[in-house]
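Trainee: I have a model open and would like to go through it. Where do we start?

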Amino acid sequence: MITKQTGNEVPRATGPGPTAREGITDETAASSGMKKRRPKRAVILWASYFDELAAISFVHEFRKMGITTTIVGVHNGDEKRCSEILVHSRQSLEETLASAESIDCLIVPASSAVLGHFQHDPLLWDLVDAVHSRAGIFVMGQLERNLDPEIADLLPPPFRIIEYPGAEHLLIFARGLAA
């Protein structure tokens with residue numbers, strides 16, 4: 001379950017508790033300063049070395065629930081290959097940033113360590129900031145405890161980041177987030 005932590009710790013989704021079954025609960029939302037609401041538009045970022053299972057799980061569950069979901073390539077290329085899965089992005093970061101006011105949920109299917117590779121991409125961090133400024137939902141993979149301070153400064157505060165669970169609970173978590 002996701003619980004409110006103190007200091008610079010991060011809310012974690014663990015085990016088969018309520019969060020893995022229900023996504024963001026009203027209690028979790030209140031403790032992180034978010035309102036429990038169903039997103040209308042979600043953006044899922046994609047780049048090499050991102051988590052394919054997480055990306056596909058969120059796309060599947062969000063689209064099944066009728067949420068407008070767009071895959072956005074972090075690099076300017078139209079497709080990125082990771083393992084044997086080929087993902088086509090529908091928009092560039094520039095196009096997405098231009099419509100950031102309508103994004104309710106930003107999914108980063110990668111750990112904070114992987115995001116370090118994109119530290120010098122101002123469009124990515126402008127998008128993260130725009131979604132955070134609107135009190136949008138920000139979901140990502142594992143947030144490293146010994147995070148590079150430069151990356152930590154670019155992310156929303158830890159209590160505003162929802163860390164998705166491991167593979168065995170991911171689909172249920174994505175379904176709950178979309179509900």
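Mentor: With a definition: the expected span of a helix is 1.5 Å times one less than its number of residues. Helices (H or I, at least four residues) and strands (E, at least two) are DSSP runs, numbered from the N terminus.

Trainee: And what sort of model is this?

Mentor: This is a predicted model, where local features need pLDDT of at least 70 and side-chain atom pairs count only at pLDDT 80 or more, while totals for chains, interfaces and linings use all residues. Residues are numbered from 1 along each chain as its sequence is written, and side-chain values use heavy atoms, with hydrogens and water left out.

Trainee: What span should helix 6 have at 1.5 Å a residue?

Mentor: Helix 6 (residues 122–133) has twelve residues, so 16 Å is expected, and its end C-alpha atoms are 16 Å apart, which agrees.

Trainee: Which residues are buried in helix 6?

Mentor: L124, W125, L127, V128 and V131 are buried. Buried means under 20% relative accessible area, exposed over 50%, and partly exposed in between (1.4 Å probe, protein chains only).

Mentor: Those buried residues are on the same side of helix 6 because they cover an arc of only 155° around the axis. The arc is taken from the directions from the helix axis to the C-beta atoms.

Trainee: Why that spacing?

Mentor: An α-helix has 3.6 residues a turn, so residues three or four places apart point the same way.

Trainee: What is exposed on the other side of helix 6?

Mentor: P122 and S133. Just after helix 6, A135 has a positive phi of about 65°.

Trainee: What do the buried residues of helix 6 pack against?

Mentor: Their partners include strand 1, strand 5, strand 6 and helix 7. Contact means heavy atoms within 4.5 Å.

Trainee: Switching to the strands: how many bridges join strand 5 and strand 6?

Mentor: Four, in the parallel sense, between strand 5 (residues 105–108) and strand 6. Two strands pair if DSSP finds at least two bridges between them. L106 is opposite F138, and I107 has V139 as its bridge partner.

Trainee: Which way do the side chains of strand 6 (residues 137–140) point?

Mentor: I137 and V139 go one way, F138 and M140 the other, and all are buried.

Trainee: And beyond strand 6?

Mentor: Strand 7 (residues 161–163) runs parallel to strand 6, joined by three bridges, with M140 opposite E163. On the other pairing, strand 1 (residues 41–46) is parallel to strand 5 over three bridges.
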